[in-house]
Amino acid sequence: MLKKRDLTQYPLIDTSSNLDKNLVVGIIGDGQLGRMLVLAAARLGVKCRIYSSNCQGCAISVADNVIQGCFTDFANLDEFANGVDVITYESENISLPAVKHLSKKYAVYPPAHALEISQDRLAEKKFLKSLDVNVTAFQAVSSEADFLAAVQRIGTPSILKTRFLGYDGKGQVELTANSELSATYSRLSGSPAILEKKVDFEYEISVILVRGLNSLTSRVYKEKIYDIPANTHEKGILKRSIVPAPIDDNIRLEAKAIACKIANALNYVGILAVELFVVRCGKQAKLLVNEISPRVHNTGHWTMDACVVDQFENHIRAILGWPIGNTDRYVDVEMVNILGSEIYQLQSFLPQSKSCIHLYGKETVSPLRKMGHINKIKSFS
Ligand code: AMP
């Protein structure tokens, strides 16, 4: 288990004098989350340099500066880091050794140990359990024999998930009472995995939390939390987030308390997303954490049009050591992802007067690819 790091270990940037500098944020990754970070930074007069492996992502066209390179080329990574004030990343599926290398010499937020935990579903579950946070029943699987033993213990329905590099439902196989076990196991080609009990949830919700410095001069870290959305997925991919989620206030408070506990344990800086299942037990509801993401998150895109300061700006503020902006929501809102060929229906979305449309400018369309999102404003609170 990773040790809790002392705050003094962080190379804090000088928050009292950096407001008037020409600041540059380095972003590892060039997808839509990077693009929206660049656009938010630009509103604050902050430039962004992107590190990209193939320069084909949609953040490239809006970035001030791009360095192309692979994650094993540490000299190139150093060149990227020289001249930037702080480094962040937009995906958890990036090279941990590269981030650890950069963290030795430069300010990198969120901290590398948060990335390390979120990259490995087994480490993530163990970390959550160490904090007394509830998760679904799980067991590590590193061989077919392990798998058979895990099925015996956990039963069905359950989900076999790769430990590493899974996202948007990729690297997952569902298991029912009728599944042929050997064939199910071979679908992950022997990758290290975990078997999870499938949760019969009432809602999926997420907490988007931002943690950063309290004020320009203080070294005290403080978190702010956005209102909680209810999220629905199709084929493992987020389709919509509705805010506010139709959940009881005590569940709302408990979910926020869980996210704070996680952020504090990680000495976190930046936006953190915590995805949870709400499970009904008679009149009571219970929360299980599904996963954590140390980055800006798709279930926080509604904040762009419904909150005083959105998740992208708050991430930039937090990593620069600036005061965190107000996270209050002033409208009810529904965020809908535009997936794959739905982009061709743009003509029908555009005239909707209460719809704020965000397109990522991706040049190729493929099934279920995230092409943009719409924030549908519902009512003014
Ligand atoms: P993940 O990649 O783990 O976030 O999974 C993607 C989606 O699959 C989640 O948002 C859920 O809708 C569903 N899912 C994942 N794990 C479970 C589980 N243990 N029980 C029920 N649904 C799950």
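## Exercises on a predicted model

Pro157 is found in the loop between helix 6 (144-154) and strand 6. The model is predicted, and the exercises below start from this loop before they turn to the sheets and the ligand.

**Exercise 1.** Determine which peptide bond at Pro157 is cis, and find a further cis bond that involves Pro110.

*Solution.* Step one is to look at the residue that precedes Pro157: a cis peptide bond joins Thr156 and Pro157, with omega at about -5°. Step two is to move to Pro110, which lies in the loop between helix 3 (96-105) and helix 4 (112-119), and there the bond from Tyr109 to Pro110 is cis, with omega near -5°.

**Exercise 2.** Describe the backbone of Ser189 and state where this residue is placed.

*Solution.* The phi angle of Ser189 is positive, at about 50°, although the residue is not a glycine. Following the chain, one finds Ser189 in the loop between helix 7 (181-186) and strand 8.

**Exercise 3.** Work out the strand order of the open sheet with antiparallel pairing, and identify its edges.

*Solution.* First, the order of the four strands in this open sheet is 5-8-6-7, and the pairing is antiparallel. Next, strand 5 (138-141) and strand 7 (172-175) stand at the edges with a single partner strand each, so one side of each is left without a neighbour in the sheet. From one strand to the next, the twist averages 20°. Finally, one pair can be examined in detail: strand 6 and strand 7 run antiparallel and are joined by four bridges, and Leu160 stands opposite Val173 in strand 7.

**Exercise 4.** Carry out the analysis for the open sheet with parallel pairing.

*Solution.* This open sheet has four strands in the order 3-2-1-4, with parallel pairing. Its edge strands are strand 3 (65-68) and strand 4 (86-89), each of which pairs on one side only. When direction is ignored, neighbouring strands of this sheet are turned by 25° against each other on average. Strand 2 (residues 47-52) and strand 3 run parallel and are joined by four bridges, and the bridge partner of Ile50 in strand 3 is Val66.

**Exercise 5.** Locate the ligand with respect to the domains, and explain why it lies between two of them.

*Solution.* Begin with the division of the chain, which gives domain 1 (24-119), domain 2 (137-197) and domain 3 (203-380). Domain 2 and domain 3 both give residues to the shell around the ligand, so the ligand lies between them. The centres of these two domains, taken over C-alpha atoms, are separated by 29 Å. To name the elements involved, note that strand 6 (158-162), strand 8 (193-197) and strand 14 (284-293) each supply at least two residues of the shell.

**Exercise 6.** Characterise the shell around the ligand, and trace the polar contacts that Val199, Glu204 and Glu291 make with the ligand.

*Solution.* There are 16 residues around the ligand, and those that come nearest are Lys161, Glu196, Val199, Glu204 and Glu291. By character, the residues of the shell divide into four nonpolar, five polar and seven charged. For the contacts, recall that a pair of N or O atoms has to lie within 3.5 Å. A polar backbone atom of Val199 is 2.8 Å from a nitrogen atom of the ligand. An N or O atom in the side chain of Glu204 is 2.6 Å from an oxygen atom of the ligand, while for Glu291 a polar side-chain atom lies 2.9 Å from an oxygen atom of the ligand. As a last step, consider the cover: on its own the ligand has 470 Å² of accessible area, of which the protein covers 92%.

Key:
Residues are numbered from 1 along each chain as its sequence is written. This is a predicted model: local features need pLDDT of at least 70, side-chain atom pairs count only at pLDDT 80 or more; totals for chains, interfaces and linings use all residues. Side-chain values use heavy atoms; hydrogens and water are left out. A residue is near a molecule or strand if one of its heavy atoms lies within 4 Å of it. A polar contact is a pair of N or O atoms within 3.5 Å; within protein, one must be able to donate a hydrogen and the other to accept it, and residues adjacent in sequence count only if both atoms are side-chain atoms. Accessible areas come from the Shrake-Rupley method with a 1.4 Å probe; for residues, only the protein chains shown count as cover. Ala, Val, Leu, Ile, Met, Phe, Trp, Tyr, Cys and Pro count as nonpolar, Asp, Glu, Lys and Arg as charged, and the others, Gly among them, as polar. Domain bounds come from an automatic or database domain assignment. Two strands pair if DSSP finds at least two bridges between them. Axes are lines fitted to C-alpha atoms, for helices over the stretch in contact, and angles run from 0 to 180 degrees between N-to-C directions.
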